[in-house]
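Reader: I am new to this structure and would like some help reading it. Could we take it feature by feature?

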Amino acid sequence: MDEEVLFSQTFNISGRDFANAGTVSVKIKRILKELGVRPEVVYRVSICCYEAEMNIIMYAMLAILDFTITNNEVIINIEDEGPGIADIERALQEGYSTATSEMREMGFGAGLGLPNIKKNSDEFKIESVIAKGTKLNFKIYLN
Ligand SMILES: Nc1ncnc2c1ncn2[C@@H]1O[C@H](COP(=O)(O)OP(=O)(O)OP(=O)(O)O)[C@@H](O)[C@H]1O
Ligand SMILES: [Mg+2]
């Protein structure tokens, strides 16, 4: 069956903006609930979006997050401008983190964000160019 877009929205995320930590993922969560998406799917999308959003705030300068929901799936594409990730395989390992002591004091830096996005999504892709930025694409199926 053809894929039909039900809703789509773009969000901007600013690096270092800890005051707005989590606001985009909360908005996405609200939209999914209003659309009547199953709680389990809402939960998984929220976790993935929150972790991705925090990584932008902690490590990148800015990013654009594209959120789309179709009749089949939730699609998130995030493109940031930032330092990029030198070793993606390493960044995907649980426990690997370059968080500063300041970030760790705020409770971040367990090195679990990217592994959790991978675990909670049905399709996951990450690409990065050093000194340019990182692209993260993930999908969560509705059924
Ligand atoms: N958008 C990004 N730009 C640059 N580096 C990133 C980005 N996202 C992740 N990283 C790098 O990958 C590492 C692992 O990310 P991950 O989200 O798994 O852990 P963390 O953010 O360090 O800790 P946690 O997510 O548990 O608070 C980060 O410490 C950072 O070095
Ligand atoms: Mg993280």
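Author: Gladly! Let us begin with a term: contact means heavy atoms within 4.5 Å. Keep in mind that this is a predicted model.

Reader: Then what covers the buried residues of α5?

Author: The cover includes α2 (39–59), α3 (88–91), β4 (123–129) and β5 (133–141). The buried residues of helix α5, which spans residues 113–120, are G113, L114, P115, I117 and N120. Helix α5 also lies across β4 and β5, running at about 145° to β4.

Reader: How do α2 and α5 pack, and at what angle?

Author: Their axes are 9 Å apart and make an angle of about 150°. Angles over 145 degrees count as roughly antiparallel, so α2 and α5 are roughly antiparallel to each other. Their crossing is left-handed. From α2, R44, I47, C48, E51, A52 and N55 meet G113, L114, N116, I117 and N120 of α5. This contact involves five nonpolar, four polar and two charged residues.

Reader: Now the sheet: what is the order of its strands?

Author: First the general idea: strands of a sheet pair through backbone hydrogen bonds, either parallel or antiparallel. Here, five strands form an open sheet in the order β1-β2-β3-β5-β4, with antiparallel pairing. Because β1 (5–14) and β4 stand at the edges with a single partner strand each, one side of each has no neighbour in the sheet. From one strand to the next, the twist averages 10°.

Reader: Over how many bridges do β2 and β3 pair?

Author: Eight bridges join β2 (residues 62–70) and β3 (residues 73–81) in the antiparallel sense. For example, F67 has I76 in β3 as its bridge partner.

Terms used. Residues are numbered from 1 along each chain as its sequence is written. Chains are lettered from A and ligands numbered from 1 in the order in which they are written. This is a predicted model: local features need pLDDT of at least 70, side-chain atom pairs count only at pLDDT 80 or more; totals for chains, interfaces and linings use all residues. Side-chain values use heavy atoms; hydrogens and water are left out. Buried means under 20% relative accessible area, exposed over 50%, partly exposed in between (1.4 Å probe, protein chains only). Helices (H or I, at least four residues) and strands (E, at least two) are DSSP runs, numbered from the N terminus. Two strands pair if DSSP finds at least two bridges between them. Axes are lines fitted to C-alpha atoms, for helices over the stretch in contact, and angles run from 0 to 180 degrees between N-to-C directions. Angles under 35 degrees count as roughly parallel, over 145 as roughly antiparallel, 65 to 115 as roughly perpendicular and the rest as oblique. A crossing is left-handed if the near helix is turned anticlockwise from the far one by less than a right angle, and right-handed if clockwise. Ala, Val, Leu, Ile, Met, Phe, Trp, Tyr, Cys and Pro count as nonpolar, Asp, Glu, Lys and Arg as charged, and the others, Gly among them, as polar.
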